[in-house]
Amino acid sequence: MLRFTALIALALVYLASGITASPFAAPDSAIPQRRAGTCAQIRVRKEWRALTDVEKKGYINAVLCLQSRPATVAGRPAIRNRFDEFQATHIDLTDEVHQVGHFLAWHRHFITLFYNALRDECGYTGPMTYWNWSIDADNTKAMKDSVIYDPNTGFGGDGVPGTYTLPPDPNGQSSAFPGAYKGCVKTGPFVNQVVRLGPGKLVTEHCLVRGVDESSKTALKTTEVNRVMQQTPFEKFRTSLENGIGFGFGFGIHGGGHSAVGGEMLNPYSSPGDPLFYLHHANLDRIWWQWQKVDPSKRMFDISGPTTQRPPQVNITLDFMMTFTTLGPKVAVRDVMDASTEPSCFTYE
């Protein structure tokens, strides 16, 4: 069984609201079809297995580079490097960008900003990549044996039991599911990574922690992705992708992907402390991109949902401005809806 208790707790953290029709759905007449800026180049995002070994090494080295470059943040000693800065932004904004209408739009631009940093600050010349976990979920092999966890051409393996202990949390700030924090990663390129933020909102210095959950395969199979893809309109699609389709769906592909890695990745706040966060959310974005491409005239600019988790709530619009703290300026939802325009400029292979 999937980490059911932990995932339901995660749903409560995110204030999951189900997939029924929402009062925040925007009427079709309110959806303008305006394109953002024209791209000088459209970059192709590729699945991790489609990268050459040279490209894989280049991507990993660029992530390590971000973990060594000084942060631009002032006044927060725990944020030492650029990688920390991305994690801090997600921690700061978690309650503002989950269970809201711009969940997918915000994460799309967050991934774009991360990729831009890899290229512009660390000289990465390869494609942004994603992890299609359905390939592994459909396979008879164990999830821990996925090529994504390869110590030489991947991101290192599972956590080693007995190598990590959760810190004290007297004020309930960790949002940690103890069973997911199996132990420190002891193989691969991130063996020496120091995670200074998390679990949750805590500030603690620790190793990269994982806890691969084999039962997560149930939620990540192609059949489950297809169920999400069949949901219309956008309101049902976005809530199905983020929350799952009923309890029988095992919490769905969003939570299932986080659970497949476990450890820090299953933390609703500090999950970007694991480099696999970006590949997981790039795959979720790919699924949204595919859903949009089914009927671009209706779906490309289809947006709905509340702008906040809690009342008073208002309908989201394409003009809603999303914040990214120190990572970059605010961006309107409409400007990231079409990935083939600025500031996104990408397609998926």
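I started with one pair of residues: Arg45 and Asp285 are both buried. I'm working from a predicted model here, so I keep that in mind.

**Entry: the Arg45 pair**
I looked up how these two side chains meet, and Arg45 and Asp285 form a salt bridge, 3.9 Å from N to O. Arg45 sits in strand 1 (residues 43–47) and Asp285 in helix 10 (residues 276–294), so the pair links distant parts of the chain, 240 residues apart.

**Entry: the UniProt feature**
I checked the record next. An unreviewed UniProt entry places "domain: Tyrosinase copper-binding" at residues 274–285. Over that stretch I got 83% helix and 0% strand, with the end C-alpha atoms 18 Å apart.

**Entry: the other salt bridges**
How many salt bridges does a search of the whole structure find? I got 16.

I picked out Lys182 and Asp158, whose closest N and O atoms are 2.5 Å apart. They're 24 residues apart, Lys182 in the loop between strand 3 and strand 4, and Asp158 in the loop between helix 5 and strand 3.

Are these two buried or exposed? Lys182 has 29% relative accessibility, so I put it down as partly exposed. Asp158 has 19%, and because buried means under 20%, it counts as buried.

Then I tried Arg334 and Asp319, a salt bridge at 2.6 Å, N to O. Arg334 lies in helix 12 and Asp319 in the loop between helix 11 and strand 6, so the bridge ties together parts 15 residues apart in sequence. Arg334 is buried, at 9% relative accessibility.

Last note: Arg69, Arg82, Glu85 and Glu121 are joined into one network by salt bridges that share partners.

Note on methods: Residues are numbered from 1 along each chain as its sequence is written. This is a predicted model: local features need pLDDT of at least 70, side-chain atom pairs count only at pLDDT 80 or more; totals for chains, interfaces and linings use all residues. Side-chain values use heavy atoms; hydrogens and water are left out. UniProt positions are given in the numbering used here, feature names are shortened, and annotations may be inferred rather than shown by experiment. Helices (H or I, at least four residues) and strands (E, at least two) are DSSP runs, numbered from the N terminus. A salt bridge is a side-chain nitrogen of Lys or Arg within 4 Å of a carboxyl oxygen of Asp or Glu. Buried means under 20% relative accessible area, exposed over 50%, partly exposed in between (1.4 Å probe, protein chains only).
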